[in-house]
Amino acid sequence: MVRMSAEERRESVIRAATIEFARGGYHGTSTEAIARRVGVSQPYLFRLFPGKKAIFLAAAQRCVEDTIRTFAEASEGLEGEDALHAMGNAYTKVIAERPERLMMQMQMYVAVKAAEEEGDHEFGESVRAGWMRLWDTVHVPLGADVNETTTFMAYGMLVNCLAAMGFPPEHRVWEGLYPSARLKGRLEI
């Protein structure tokens with residue numbers, strides 16, 4: 001049996017943490033559950049990350065980076081409406097196939113608010129910085145038009161909410177969205 005390097009273990013922790021945090025949120029997820037999913041002890045987990053907050057922020061950063069990559073790859077060589085629809089199609093496909101990414105995003109927003117209510121602004125700073133990288137990624141292909149970017153991001157948040165609430169793709173709430181923003185399949189969370 002080949003042993004994993006610390007970096008490979010770290011990656012497996014981030015993947016496991018994304019699934020666990022997506023389901024239980026920051027406060028509802030134990031590091032024990034993450035360690036168990038990875039197949040390591042809690043002490044080993046804390047050799048890879050200094051604490052639960054660091055694990056959550058690493059999973060949040062990965063979630064944002066994966067979404068940025070989805071948009072960048074989908075819009076490569078495109079601009080305007082072609083880029084908009086390519087990014088919309090790619091995103092709705094990803095969240096249908098990998099619902100933990102959608103749920104992790106939703107948990108990130110809740111964690112920011114909860115942490116800031118407790119006086120901890122590190123969550124918010126990190127998540128907002130990622131969100132701004134996401135904004136910048138879609139801004140240029142949409143012609144660097146702030147209104148187009150705002151509309152695209154607003155549609156994305158609506159898609160997130162409708163999908164997270166479990167509205168099936170054929171439900172009438174999706175009818176007002178342009179076709180590329182409609183969910184491509186049922187979300188199995």
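Which helices each supply at least two residues of the lining of the largest cavity? They are helix 4, helix 5, helix 6, helix 7 and helix 8. Keep in mind that you're looking at a predicted model. Below is a quick tour of its core, its cavities, one small helix region and one tyrosine.

**The nonpolar core**

- In soluble globular proteins, nonpolar side chains tend to be buried together.
- Here, the largest nonpolar core has 55 residues.
- If you want a few to click on, try F21, I34, F56, M104 and F152, which have the most contacts inside this core.
- Eight stretches give two or more residues to the core: helix 1 (6-24), helix 2 (31-38), helix 3 (42-48), helix 4 (52-75), helix 5 (80-97), helix 6 (99-117), helix 7 (122-139) and helix 8 (146-164).
- Helix 4 gives the most, with eleven residues.

**The largest cavity**

- Rolling a probe the size of a water molecule over the atoms shows where empty space is left.
- Searching the whole structure turns up two cavities of 30 Å³ or more.
- The largest cavity holds about 190 Å³ of space.
- Its lining is made of 18 residues, and F71, Y91, F152, G156 and M157 are the ones nearest the centre.
- You've met F152 already, as it's among the residues with the most contacts inside the nonpolar core.
- Helix 8 supplies the largest share of this lining, with seven residues.
- Sorted by class, the lining has twelve nonpolar residues, six polar ones and no charged ones.

**The second largest cavity**

- The second largest cavity has about 40 Å³ of space.
- Its lining consists of C63, V64, T67, Q105, M108, Y109, W131 and L134.
- Helix 4, helix 6 and helix 7 each bring at least two residues to that lining.
- Six of the lining residues are nonpolar, two are polar and none is charged.

**Helix 2 and the UniProt regions**

- An unreviewed UniProt entry lists residues 7-67 as "domain: HTH tetR-type".
- That span is 80% helix and 0% strand, and its end C-alpha atoms lie 22 Å apart.
- The annotation "DNA-binding region", also from an unreviewed UniProt entry, covers residues 30-49.
- Over residues 30-49, the chain is 75% helix and 0% strand, with 14 Å between the end C-alpha atoms.
- Which residues of helix 2 are buried? They're T31, A33, I34, A35 and V38.
- These buried residues pack against helix 1, helix 3 and helix 4.
- I34 is a good one to zoom in on: leaving aside neighbours within four places in sequence, I34 touches V13, A16, A17, E20, F21, T29, L45 and I55.
- Right after helix 2 comes G39, which takes a positive phi of about 90°.

**A closer look at Y109**

- Y109 sits in helix 6 and helps line the second largest cavity.
- Is Y109 buried or partly exposed? Y109 has a relative accessible area of 23%, so it counts as partly exposed, because buried means under 20%.
- Setting aside neighbours within four places in sequence, Y109 is in contact with W131 and M157.
- W131 also lines the second largest cavity, while M157 is one of the residues nearest the centre of the largest cavity.
- Y109 and G124 are 15 residues apart in sequence, and their C-alpha atoms are 8.4 Å apart in space.

Note on methods:
Residues are numbered from 1 along each chain as its sequence is written. This is a predicted model: local features need pLDDT of at least 70, side-chain atom pairs count only at pLDDT 80 or more; totals for chains, interfaces and linings use all residues. Side-chain values use heavy atoms; hydrogens and water are left out. A nonpolar core is a set of buried Ala, Val, Leu, Ile, Met, Phe, Trp, Tyr and Cys residues joined through side-chain atoms within 4.5 Å. Buried means under 20% relative accessible area, exposed over 50%, partly exposed in between (1.4 Å probe, protein chains only). Helices (H or I, at least four residues) and strands (E, at least two) are DSSP runs, numbered from the N terminus. Contact means heavy atoms within 4.5 Å. On a 1 Å grid over the protein atoms alone, a cavity is a set of points where a 1.4 Å probe fits but cannot get out, and a pocket is an open set with protein on both sides within 12 Å along at least five of seven lines; lining residues have an atom within 4 Å of a point. Grid points are joined across faces, edges and corners, and a volume is the space filled by probe spheres set on the points. Ala, Val, Leu, Ile, Met, Phe, Trp, Tyr, Cys and Pro count as nonpolar, Asp, Glu, Lys and Arg as charged, and the others, Gly among them, as polar. UniProt positions are given in the numbering used here, feature names are shortened, and annotations may be inferred rather than shown by experiment.
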